[in-house]
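Visitor: Could you take me through the sheet in this model, strand by strand where it matters? I'd like a close look at how the strands line up and what packs against them.

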Amino acid sequence: MGDHGLSLNFNAPVALVGGGDVGDAAFELSQNRVKFYVGVDGGGDEILARGTDPAAVIGDLDSFSANGRAAIPPDRLIHVDEQDSTDFEKAMRHITAPLILALGFTGARLDHELAALHGLVRFPQKPVILIGGKDIVLHLPARLSLDLPAATRVSLFPFDAVTVGIEGLEWSFEALDLHPARKIGTSNRATGGPVTLRASGPGCLLILPVDTLDVAIAALGEADFHSPPG
């Protein structure tokens, strides 16, 4: 299938699995938190190798094995052959779900990892959490409230100029101007209890320890997202 208007709509959380370093711990984290698995190109082989049936495999499919293709029905193979975006971005463009946990996009090639972070910024209204070996990453909504234990590491990394209001961290600010070339916000710490972050616009990533995943999922479900582009 090569229809760029194709939409994969899910009514329950989805794990989006890439062909990078998935890791046993990350896959186990997904198992009790999602209902569907979608492979991104070679990530389809990863899903099958772990004894799970992919709801779909999407991408240009140049890394998905012949054995993998034979193992799932052809109507689950979503071939998007344009080369102007990464397979992760192709998947993000076509999938709608109440929550997307993305695995296998970190820990291998650095250029692929950076591309995945760029993908989070390109789709700021998608409820996506990227799971790595030690950290989780999500695009910062317009407003996000989390309940974090004291000393929890909280980092903000801007991909664009953005102003962030911060409450409940050791270094809190009414309006902190961030910019990828001038000012970033790594290694802040929660004081314990509610943390509120307000972003003036899209373009900032929030990085938290992986053990805060359930807190982040709950917060994202209640978040105020940025308005659609005009």
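Guide: Here is a walk through the sheet, from its overall order to its neighbours. Bear in mind that this is a predicted model. What you've got is an open sheet of ten strands with mixed pairing, in the order S5-S4-S3-S2-S7-S8-S9-S16-S11-S14. Its edges are S5 (77-79) and S14 (185-189), each of which pairs on one side only. Going from one strand to the next, the twist averages 25 degrees.

Let's stop at S2. Its two faces are both covered: Val14 and Leu16 are buried on one side, Ala15 and Val17 on the other. On one flank, S2 pairs with S3 in the parallel sense over four bridges, and there Leu16 sits opposite Val38. To get from S2 to S3, the chain passes through helix H1 (residues 24-31), making a right-handed β-α-β crossover. S2 also runs parallel to S7, again joined by four bridges, and in S7 Leu16 has Ala102 as its bridge partner.

Now slide along to S9 (residues 135-139) and S16 (residues 204-209). These two run antiparallel, with five bridges between them; one pairing puts Ile136 with Leu208 of S16.

As for helices, H4 (residues 87-94) packs on the sheet and touches S2, S3, S4, S7 and S8, its direction making about 120 degrees with that of S4. Helix H5 (residues 110-122) packs on the sheet too, touching S8, S9 and S16, and its direction makes about 35 degrees with that of S9.

Notes: Residues are numbered from 1 along each chain as its sequence is written. This is a predicted model: local features need pLDDT of at least 70, side-chain atom pairs count only at pLDDT 80 or more; totals for chains, interfaces and linings use all residues. Side-chain values use heavy atoms; hydrogens and water are left out. Two strands pair if DSSP finds at least two bridges between them. Axes are lines fitted to C-alpha atoms, for helices over the stretch in contact, and angles run from 0 to 180 degrees between N-to-C directions. Contact means heavy atoms within 4.5 Å. Buried means under 20% relative accessible area, exposed over 50%, partly exposed in between (1.4 Å probe, protein chains only). A crossover is right-handed if, with the strands pointing away from the viewer, the path from the first strand over the helix to the second runs clockwise.
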